[in-house]
Amino acid sequence: MLRGILIPFTIGSFVCIGLVLRPEFFDGLSLLLTLGGAVTVTVFSYSKSQLFGLRDAVGELLNGEPVSMDSHALELRRLTELFRLHGIRALENHERHLKDDFLRYGVGLLVDLHNEEKIRLRLEHRLAHFAAGAEINRQILSTFGKLLPSFGLIGTLIGMVLLLSRLSEVDPKGLPSALGLAVLTTLYGAVFANVVVAPILARLQSVAVERESSMLLTRDWILMIARGESANFTDNVSAYLRERSYGEKLQEWAPAGVPAER
């Protein structure tokens, strides 16, 4: 929660300080054209549910606590020992205390279903749903990151047209505003794409890959429990992680940063 508040506060503070110290770098029309144009096209390009999904993912990124694979493996090892000592009833009693939603879902399947193939299908469906959501989030941010410099270029062209019209009309008073529009829109597009969007996209990518890895490990653990092979998982979880080959990774994510030069 503190992280989610601190980051916007820090950005807002830098903006306010910049407005006071260097007001020439801020122009409302340039900002509206670059940022507003990119946001508008992005909103029209994707559905409301997809945009809300990205909002929730970014919110979780800012407010959520990262869980390492080692911690997750230790949790599975503890649950394995609990299962070996007290059986499936112990997992059922412990289900509501699990923080990982996918692990909680899998334990619920173990309790309610006794068919390994049905459990596998449901877990695979949940995994596919997660991978699809992560890919949509990547596409939205990638589109937004590419649109920002594009609208910056559009603003530059508009500023140049205005500049040329002022020259032809011999109206020197309008030259600074036209030149400012031409320069600042490109600056805003490059800054927002590479300083704001690109880091968020990179962080979402790393979190999604880590999350998918933990979900794959959870899936295998659930299926091993369903087959009655819990002893294979208990002895050395770290060795198990090294020996497994998780080939079902998310697609390679394209970088969000877009060069400022065209």
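**Figure 1. Helix 4 of the predicted model, end to end.** Let us start with helix 4, which has 18 residues. From its first C-alpha to its last it reaches 26 Å, close to the 26 Å expected at 1.5 Å a residue. Helix 4 covers residues 69-86. Just beyond it comes Gly87, which takes a positive phi of about 85°.

**Figure 2. The two sides of helix 4.** Which residues of helix 4 are buried? They are His72, Ala73, Leu76, Leu79, Thr80 and Phe83. Viewed down the axis of helix 4, the buried residues fall within an arc of 120°, so they line one face of the helix. An α-helix has 3.6 residues a turn, so residues three or four places apart point the same way. Turn to the face directed away from the buried side of helix 4, and you meet the exposed residues Asp70, Leu74, Leu85 and His86.

**Figure 3. The largest nonpolar core.** This core has 23 residues. Those with the most contacts inside it are Leu91, Leu103, Val107, Ile119, Trp221 and Ile222. Four helices each supply at least two of its residues: helix 4, helix 6 (101-112), helix 7 (116-168) and helix 8 (175-227). Helix 8 gives the largest share, 7 residues.

**Figure 4. A closer look at Ile222.** Which residues does Ile222 touch, once its neighbours within four places in sequence are left aside? Ile222 is in contact with Gly106, Val107, Leu110, Ile119 and Leu123. Two of these partners, Val107 and Ile119, are listed with Ile222 among the residues that have the most contacts inside the largest core.

**Figure 5. A second nonpolar core.** Separate from the largest core, this one has 15 residues. Among them are Tyr46, Leu54, Ala193 and Leu204.

**Figure 6. Two places along helix 8.** Leu184 is in helix 8, and so is Val209. Is Leu184 buried or exposed? Leu184 has a relative accessible area of 9%, under the 20% cut-off, and therefore counts as buried. Its C-alpha is 8.0 Å from that of Leu31, although Leu184 and Leu31 are 153 residues apart in sequence. Val209 has a relative accessible area of 33%, which makes this residue partly exposed. Val209 and Ala134 are 75 residues apart in sequence, with 9.3 Å between their C-alpha atoms.

**Figure 7. Helix 2 and its buried residues.** Helix 2 runs over residues 28-45 and has 18 residues. Its reach from first C-alpha to last is 25 Å, close to the 26 Å expected at 1.5 Å a residue. Its buried residues are Ser30, Thr34, Gly37, Ala38 and Thr42.

**Figure 8. Charges over aromatic rings.** The charged end of Arg55 sits over the ring of Phe52, 4.6 Å from the ring centre. In the other view, Arg126 lies over the face of Tyr105, at 3.8 Å from the centre of the ring. How many aromatic pairs does a search of the whole structure find? The search finds 0.

**Figure 9. The whole protein, for orientation.** Stepping back from the close-ups, the protein has 10 helices and 0 strands. Its pattern along the sequence reads α-α-α-α-α-α-α-α-α-α. Of its 262 residues, 35% count as buried. Among contacts with a separation of 6 or more, 78% join residues 24 or more positions apart.

Notes:
Residues are numbered from 1 along each chain as its sequence is written. This is a predicted model: local features need pLDDT of at least 70, side-chain atom pairs count only at pLDDT 80 or more; totals for chains, interfaces and linings use all residues. Side-chain values use heavy atoms; hydrogens and water are left out. A nonpolar core is a set of buried Ala, Val, Leu, Ile, Met, Phe, Trp, Tyr and Cys residues joined through side-chain atoms within 4.5 Å. Buried means under 20% relative accessible area, exposed over 50%, partly exposed in between (1.4 Å probe, protein chains only). Contact means heavy atoms within 4.5 Å. The expected span of a helix is 1.5 Å times one less than its number of residues. The arc is that of the directions from the helix axis to the C-beta atoms. Rings of Phe, Tyr and Trp (its six-membered ring) pair if their centres lie within 6.5 Å; planes under 30 degrees apart count as stacked, over 60 as edge-to-face and the rest as tilted. A charge sits over a ring if NZ of Lys or CZ of Arg is within 6 Å of the ring centre and within 35 degrees of the ring normal.
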